[in-house]
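Subject: Structure handover

Hello,

Here is the structure you asked to take over. My notes on it follow below.

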Amino acid sequence: MADLCAVGKAIPKADAGEKVVGRSVYVHDLVLPGMLHGRILYSERVSARIVAVDTAEAEKVPGVRAVITAENTPEIRFGFLKDNTALKKGRVRQYRDEVAAVAATTPEAAAEALARIRVTYEDLPAVFDPEAALAEGAPRLHDADAKGKPVKDNRLRLPWKVEAGDVAAGEAASAFVAEGEYEAGWVTHCCMGTSGCVASFDTRDNLTVHSNTQIPSLAKNDFQEALKAMGVKGRVRVVNTAVGGGFGSKLDTYAYEYIAILLAHRTRKPVKIVFGREEEFVATSPRQPTRIRIRQGCDREGRLTFRDISMVLDNGAYTSWGATTPTVMMMPSTSLYRVPNVRFQATCVYTNNTYSQAMRGYGTPQVTFAIEANLDELAETAGIDPYELRLKNANQAGDVTPQGFRPVTCGHRECLEEVAKRLDWTAARARPRSTGRKARGVGMACLMHVGGGAKIYKSDGCGTMIKVDDQGRVDVFSGSMDIGQGLDTVLRQIVAETLGVPVDYVNVVVGDTDVCPWDVGVHASRSTFVAGNSALAAARTVRDQILSFAEEVLEAPKEILSLRDGQVVCSEDASKNTPLEKILRKAHFATSGNTMFLAAEFFEPATDLLAGDFKGNFSASYAWGCHGVEVEVDTETGHVEIVKYVAAHDVGKAINPMLLKGQIYGAGLMGVGYALTEEMIYEEGRLLNPNFRDYKILTAADTIPVEPVLVETDDPAGPFGAKGIGEPGLVPTAPAIANAIYHAVGVRLRTLPMKPERVLAALREKAGEP
Amino acid sequence: MEEVVRFTVNGEAVSVRAGAGWNLLRVLREGLGLTGAKEGCGAGECGACTVLVDGAAVNACLFPAPEAEGRSVVTIEGLAAREEAGGVGRLHPIQQAFVDHGAVQCGFCTPGMVLSAKALLDRSPEPDEAEIRTALAGNICRCTGYTQILEAVRAAAQARREVPRG
Amino acid sequence: MHAFEYLRPETLEEALAFLAGREGAVPVAGATDVWVGIQGKKIAPSALVSLRRIPGLAGIREEGGAVTLGAATTHAAVEDSALLRERLPALHRACSAVGSRQVRNVGTVGGNLCNAAPSADSAVPLLLYDAVCVARGPGGERAIPVAEFFLAPGKNALDPGEILVHIRVPAPTPSGRTYADYWKLTRRKAVELPILGVGVRVSLDGDGVVRQARVALGVAGPTPLRARAAEAALEGRPLTRETAAAAAEAAAQEAQVRDSWRGKAWYRRQMIRVLVPRVLERAGALEGEV
């Protein structure tokens, strides 16, 4: 692949120009004729019966066009278990529950109307701790499931369990065992562009939703279901605006979207709902909080013998993708390092807390914190250097993991070696522990992640259509979506490479369900791999069409023809080389036959559906990585400073190294926030810090010195060898830092974030101070 | 209590109605259709609404609309095609550096970030690393981890030094 | 949002007249805190009286060693002032650490004081420097020492209708070597309210004996406060690691720190013990690794 001309190049993001001049249109910027402003009234109680909702005064506010509640609208159920409704009827279970909504001609009128709605509540008991919620006699969140079947407790009936080998035998064969309990609370995406949509109906009841979703096709299905529930016969179109950040937050549909749809249908006007920042904090769904118990062991030589993980997840009051994160947490649990005997079990429990969703890493940051921090504890118990222990057990290409993964390429060992080399590991570990005010230490942690899609839905596919016009300009219609990560640019490069045209000739169209084919959504670091493969397949098909036509024009068999540098190139007779445009125009003006160059392909990774016993090969390739960090711990204040940070990733092939590094830098700092500063502080279900002052997302002043290392293993399943990289960059950050802190000062932090108070408390406890 | 505010935007005199309690951001976005400045928090904590008022970066969400009276405001829309950009349709060197260095992902913070960088380079043409970080600290970005943004600002400062301007 | 008038007087007299004539009117300079307060429905003034256009209300002047800051001097003006960096380093550092550059470009020292938050960054150094607030009201001008300016969280010593016009920092007495600095304890490096603010100023005589000491704390009580027991523990003694530690302990004891979800009382108290000596180190008064 030495002579690639588009793939492998640091090409600026396709829409960067529009974005730097402020011309990209986000949902916040969108104005449609006659558009109304929608606002939502949230519950004032965390758990209560709704006795009455009085909207009479709200309706009198000038400019108000509709006031809706569960009483005057059809019930719309949504969510993974369909246990949530757009507007809550009879009962509220969390502070973010939607009780009523208004549409008005101005934001002021909408706000005024909200203020005039009177809701009478009757408090009900509430429960905020998942383990307390499992206890006998705990207040029950739901009396019945979505189908009306009575439920007897707060445990979700989800089969999150996988076991392979013989854990008891593995434990018996262990010379050393380490165990620990690790806890990670709520953190949230903090997309700079808040959530929002504009819903509008045409006169035939067709719905258009302008949205910043990450899942245009699935959102369309969800909204179509909603129309059915409303008894509306129209069809649905989802059109994406520019998306001001995703990170998983827009992987499910939310109540506000259904409310906008209800208001738009009621008023027959476009209705816009855009969240304010506090609303974004409170009413979107954060990362799944997790309490993890882990035991793992090794034999005398340091070979891992078993790993046993169980966890309790606070599901909150309703069920979204957060409840399904165990299906992804299973993967590193069973398959990060070679461990023959593994067991994984997760319990999700309803509480009156906020409900969780997908967030970059989809559970793996939580479970990797437990696995990798505990692995250092095991190394210490066994008297083995943590790097040596990791190397000895590193995954290898050709392995079949206990869960049935079959990685064809694997850069795990190389990533470990790169980190050790760049941290000068052996010397750094040999340095005596400082007794001064500031102490330095190094630590590392690894990751495995799906790198070739993840078949957690019945299809993990993506469709692409490509048309080539008579001047060689190419339009690519992909089902996938650009949420800032650069999918728009990666697809241009793949298609330009395949068709031998300049990248500038390729236009990528995403985010319009009327135009673009189906795709399961932007998640699981799958877009470069799946949408990339889909675009590659479509480009190859259209290339074949062009060469088939050229074959006749040039009187040369297409086996010796190719497309390069804007030419049809003949490998055996250079005199036959012809500008592509000339061939295209000849076809365009041909008088007979179908001479449109137009291809459509659907790419479905050849993987197994994650279901049943949860064993199989769920991804077409796997991503590996290792992060190494040097920290300086202030032993008097508990502050942790990142001195050096190496992020080595098996990326398969860097299609665009600049954008790829952008993912690593961005995920790295997000991971540092997760490790050290970010936490949503809830008190009996109420979020105390719904703003950037008190929710400590890191600033430019906090930028860490990340050194990305790209390990290219050239995966045969990937487009040009590429694997996914969107999520991996934050997966091992917290355990790498925890391990470095331990090395520096000898305290083991098992709760995130590792904020100064916690670090100092641990230091004082170790020193025997009160 | 609606009032008319007269000021200069991107070199052009404007006269625009502002409702009671409006901030400059709303005047720019709703009154003038300049939607490049974004509302990211509405509380002066994220910088997505950054514009220049008399050359200084301010959060337009915290800037009372009536205070704009008689002042000169520069928004992201006014940065390209100005004298420094070298002509209509060209990007300002800071904007170009953001494009070239991969400093743009979702782009929501970008207009504010670019304007904070411009205010910095206007007052301190050769900023050190600490100055750059301090100047951009009020513009939160969730995508990039800032590394490539800092690279872009360093490159733009460097480019200024290499092409002295009269 | 609730309706209010926005008034832009051109003179101080006009501003005073506006305040006198409207109940519930609030004077504002940068308006950053007040604006957020209104948006968040925490306050509902009938009118905002902007002080931005009043000549002479902003600016930094030095006369005979004393420094006068106009109340409407922005934090950015302090940040960019070579004079203050040199003469009032603790104030310079504190103002440079307020919010973001965007906030510092409009937020003012006077506003920061009048807001009377326990966390007000500029309050701690002004306590160190024995600054005096000068207010103008219908009855004329009066001086209020900064140490008497804060009455309770959000409550300052101004009478209704009074405007803070400037802040006077007297020439340092006694003369001799003076060291001062302010430490803002935060979780991230910018755009923060302090978890704790610690300021120390010492004047040493030729023998290294502390002639005068000021120790001031933010977020260690209902208002920014002076830690007088800590000052007493320093004055008249040679400045050593031991006397600094004794002063730190005294400050930790007299601080009225609270448990909150932003920071636990034990942690704040312990940080006072840690940071008092560190401030002296960073100011150059004590040897040590900062």
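Does A:R295 count as buried, partly exposed or exposed? A:R295 counts as partly exposed, at 23% relative accessibility. Before the rest, please keep in mind that this is a predicted model.

Salt bridges of strand β15

The salt bridges number 98 over all chains. Three of those in chain A involve strand β15, and I went through them one by one.

A:R295 pairs with A:E171 in a salt bridge with an N to O distance of 1.8 Å. A:E171 sits in helix α5 (residues 167-172) of chain A and A:R295 in strand β15, so this pair ties together parts that are 124 residues apart in sequence. A:E171 is also partly exposed, at 27% relative accessibility.

A:R291 has a salt bridge to A:D129, at 2.8 Å from N to O. A:D129 belongs to the loop between β8 (118-123) and α4 (130-134) of chain A, while A:R291 is in strand β15 (residues 290-298); the pair therefore ties together parts that are 162 residues apart in sequence. A:D129 is partly exposed, with 27% relative accessibility.

A:R291 also forms a salt bridge with A:E131, again with 2.8 Å between N and O. Because A:E131 lies in helix α4 and A:R291 in strand β15, this pair ties together parts that are 160 residues apart in sequence. The relative accessible area of A:E131 is 40%, which makes this residue partly exposed.

A:N341 in strand β17

A:N341 is in strand β17 (residues 341-350) of chain A. This residue is buried, with a relative accessible area of 13%; the cut-off for buried is under 20%. Beyond its neighbours within four places in sequence, A:N341 is in contact with A:A164, A:G165, A:D166, A:V167, A:G170, A:T305, A:F306 and A:R307. With A:T305 there is a polar contact: a polar atom of the A:N341 side chain lies 2.8 Å from the backbone oxygen of A:T305. The C-alpha atoms of A:N341 and A:L304 are 8.9 Å apart, and the two residues are separated by 37 residues along the chain.

Helix α3 of chain A

Which residues of helix α3 (residues 107-115) of chain A are buried? They are A:A109, A:A110, A:A113 and A:L114. These residues cover an arc of only 140° around the axis, so they are on the same side of α3(A). An α-helix has 3.6 residues a turn, so residues three or four places apart point the same way. The cover over the buried residues of α3(A) includes β1 (36-42), α2 (56-59), β3 (64-69) and β7 (98-104) of chain A.

Chain A against chain B

The contact involves 49 residues of chain A and 41 residues of chain B. The two chains bury about 3,600 Å² between them, and carbon and sulfur atoms account for 59% of it. A:V20, A:M192 and A:A700 supply 20% of the area that chain A buries against chain B, more than any other three residues.

Between chain A and chain B there are 5 salt bridges. One is between A:E678 and B:R142, at 2.8 Å from N to O. Polar contacts join 22 residue pairs between these chains, both residues being at pLDDT 80 or more. On the chain A side, the elements that give two or more residues are α1 (16-20), α3 and α17 (657-677). Of these, α17(A) gives the most, with 8 residues. By class, this side has 23 nonpolar, 17 polar and 9 charged residues.

Chain C against chain B

Here 26 residues of chain C are in contact with 29 residues of chain B. The buried area is about 2,200 Å², with 57% from carbon and sulfur atoms. C:R8, C:W35 and C:Q102 supply 29% of the area that chain C buries against chain B, more than any other three residues.

This interface has 3 salt bridges. C:R52 forms a salt bridge with B:E67, with the closest N and O atoms 3.6 Å apart. There are 10 residue pairs in polar contact, both at pLDDT 80 or more. On the chain C side, β1 (5-7), α2 (32-39) and α6 (101-104) are the elements that give two or more residues. That side has 11 nonpolar, 7 polar and 8 charged residues.

Regards

Note on methods. Residues are numbered from 1 along each chain as its sequence is written. Chains are lettered from A and ligands numbered from 1 in the order in which they are written. This is a predicted model: local features need pLDDT of at least 70, side-chain atom pairs count only at pLDDT 80 or more; totals for chains, interfaces and linings use all residues. Side-chain values use heavy atoms; hydrogens and water are left out. Contact means heavy atoms within 4.5 Å. Buried area is the accessible area (1.4 Å probe) that two parts lose on being put together, summed over both. A salt bridge is a side-chain nitrogen of Lys or Arg within 4 Å of a carboxyl oxygen of Asp or Glu. A polar contact is a pair of N or O atoms within 3.5 Å; within protein, one must be able to donate a hydrogen and the other to accept it, and residues adjacent in sequence count only if both atoms are side-chain atoms. Helices (H or I, at least four residues) and strands (E, at least two) are DSSP runs, numbered from the N terminus. Ala, Val, Leu, Ile, Met, Phe, Trp, Tyr, Cys and Pro count as nonpolar, Asp, Glu, Lys and Arg as charged, and the others, Gly among them, as polar. Buried means under 20% relative accessible area, exposed over 50%, partly exposed in between (1.4 Å probe, protein chains only). The arc is that of the directions from the helix axis to the C-beta atoms.
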